[in-house]
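Reader: I'm new to this one, so could you take me on a close look at a single part? I'd like to hear about the largest pocket.

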Amino acid sequence: MAPMAVTPPTEVEKTSDLTLNGIQAALKKAAPSQNPPTTLTPSLTQPTGTTKPSSSPPLPELDASLLQCTYADPSQLKPVLALDDPERQTQRVSTDHMIQAAWSTTKGWSAPTLTPYGPLSLMPSASCLHYATECFEGMKLYRGFDGKLRLFRPTLNCNRMLMSSTRIALPGFPPAELLKLILKLCATDGNRWLPPHQPGQFLYIRPTMIATDAAIGVQRPSEALLFIILTVLPPMDSVPGGVKLLASEDDMCRAWPGGFGYAKVGANYGPSLVAQGEARARGFDQILWLFGPEGVVTEAGASNFFVVWKEKETGKLQLVTNSLDRQIILDGITRRSVLDLARERLASTSSSSFNLEPLEIQERPFTMSEIALAAEENRLVEAFASGTAWFVAPVSKIQWKGKDIEVPMGEDGVMGGYTKAFKGWLRGIMYGEESERGNEWGVVVGDE
Ligand SMILES: *Cc1c(COP(=O)(O)O)cnc(C)c1O
């Protein structure tokens with residue numbers, strides 16, 4: 001295995017709460033050397049009294065250095081889709097290889113493998129097919145304008161994956177090993193699928209973990225499979241006319257306190273698709289998920305949601321997004337990065353150097369009524385959704401209780417000034433055009 005250029009995590013990433021607090025706790029509680037691992041939240045089905053005495057030898061950890069590679073025969077490599085190939089829109093195309101690693105309570109993590117992309121083999125009784133013992137991540141591999149392949153703050157994704165997996169009784173693992181595996185897959189397929197002469201393109205990275213126990217009992221899984229694939233995803237950030245959101249109705253919500261809305265687990269998504277399908281059928285792009293009788297604004301589809309408005313009393317401009325403390329929204333890495341950049345570049349008068357008025361930044365629960373009132377009083381400035389897939393997408397309309405709220409889309413009618421600034425800054429970092437933050441948030445993939 002060729003050496004990989006992995007930039008060590010920076011101080012900023014090490015001290016962020018998605019990383020240290022949760023991760024160390026999660027690792028301690030869920031490392032495969034504990035058999036069975038203790039859950040973060042004890043459940044009724046958790047067996048008791050079966051924990052092995054601590055004298056038993058520790059089970060193998062996930063270890064990227066043990067990776068065994070079997071490459072696809074050059075004659076079997078798939079054709080790389082042209083940029084205008086309509087198949088790009090289907091989201092069905094994966095690259096040539098995948099990585100897998102199996103885990104069990106008795107053997108710990110086995111040596112990971114890199115193999116040609118292909119179907120998995122599972123028993124019909126596999127736990128994930130019945131009890132949604134599945135979690136995933138969503139990241140992108142960017143072909144920079146400087147020719148380099150980059151990931152964006154991938155340490156945070158790997159840490160979040162650990163949070164998600166331990167929330168649903170899947171095994172723990174060292175996030176740094178997951179990152180090494182992701183980098184290896186990116187280095188293997190990145191060059192062919194993101195040719196250097198086509199900068200500004202990306203692939204979507206989908207690390208996934210599933211419980212594979214062939215046992216129908218409702219219990220903590222004793223076998224799991226981690227896999228990583230790379231897929232072709234069309235850009236979704238330039239919806240013509242802006243993103244149109246349909247606010248969820250009182251009879252449905254995405255997440256609730258004490259639930260698992262903060263984890264990227266499959267169980268959050270399947271049940272949301274009826275509402276999403278209805279929104280699409282009615283000409284909207286996504287559901288704006290509200291929570292509770294007050295209509296607290298949580299997320300837009302599988303993206304975080306931001307609004308910029310003028311505060312009623314002070315007349316000051318505010319950037320507002322829901323807070324993480326009730327655990328009903330996902331701790332998005334794009335959300336986090338928008339907030340970081342806003343605090344750094346727009347929170348004081350220094351923002352005048354960007355031709356933008358300073359913003360007050362607020363992470364707090366806010367309601368649909370507040371948005372409606374701001375719109376009515378001409379205080380609503382702009383709104384956008386943020387996430388890896390949608391990137392930073394301007395919102396132009398929200399329908400709530402049968403009424404349309406028009407959201408301003410800036411002077412050019414394409415997007416507001418703040419949306420444009422966040423998008424531009426992040427893009428610069430992701431595609432290697434900004435070194436100030438780029439060196440810290442971008443992780444360069446070593447070409448093989
Ligand atoms: C993935 C996801 C997001 C966005 O998170 P990023 O890390 O920014 O990609 C937001 N909300 C939900 C529900 C998600 O699944």
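Author: Here is a walk through that pocket, with a short look at a few buried residues afterwards.

Keep in mind that this is a predicted model. The largest pocket holds about 920 Å³ of space. Its lining is made up of 37 residues, and the ones closest to the centre are Tyr204, Arg206, Tyr269, Ala302 and Ala389. If you want to trace the walls, look for the elements that give two or more residues to the lining: the strands β5 (134-136), β8 (202-211), β9 (223-231), β11 (286-291), β13 (303-310) and β16 (380-387), plus the helices α6 (273-281) and α7 (333-345). Both domains take part, with at least three lining residues coming from domain 1 (60-232) and at least three from domain 2 (243-431). As for the chemistry of the lining, you'll find 16 polar residues, 14 nonpolar ones and 7 charged ones.

Now for those buried residues. Cys135 counts as buried because its relative accessible area is 0%. Cys158 is buried too, with a relative accessible area of 1%. And how many disulfides are there? The count is 0.

Last stop: Glu177, which sits in helix α5 (residues 175-193). Glu177 has a relative accessibility of 12%, so this residue counts as buried, the cut-off being under 20%. Leaving aside residues up to four places away in sequence, Glu177 touches Leu62, Asp63, Ala64 and Ser65.

Key
Residues are numbered from 1 along each chain as its sequence is written. This is a predicted model: local features need pLDDT of at least 70, side-chain atom pairs count only at pLDDT 80 or more; totals for chains, interfaces and linings use all residues. Side-chain values use heavy atoms; hydrogens and water are left out. On a 1 Å grid over the protein atoms alone, a cavity is a set of points where a 1.4 Å probe fits but cannot get out, and a pocket is an open set with protein on both sides within 12 Å along at least five of seven lines; lining residues have an atom within 4 Å of a point. Grid points are joined across faces, edges and corners, and a volume is the space filled by probe spheres set on the points. Helices (H or I, at least four residues) and strands (E, at least two) are DSSP runs, numbered from the N terminus. Ala, Val, Leu, Ile, Met, Phe, Trp, Tyr, Cys and Pro count as nonpolar, Asp, Glu, Lys and Arg as charged, and the others, Gly among them, as polar. Domain bounds come from an automatic or database domain assignment. Buried means under 20% relative accessible area, exposed over 50%, partly exposed in between (1.4 Å probe, protein chains only). Contact means heavy atoms within 4.5 Å. A disulfide is a pair of cysteine sulfur atoms within 2.5 Å.
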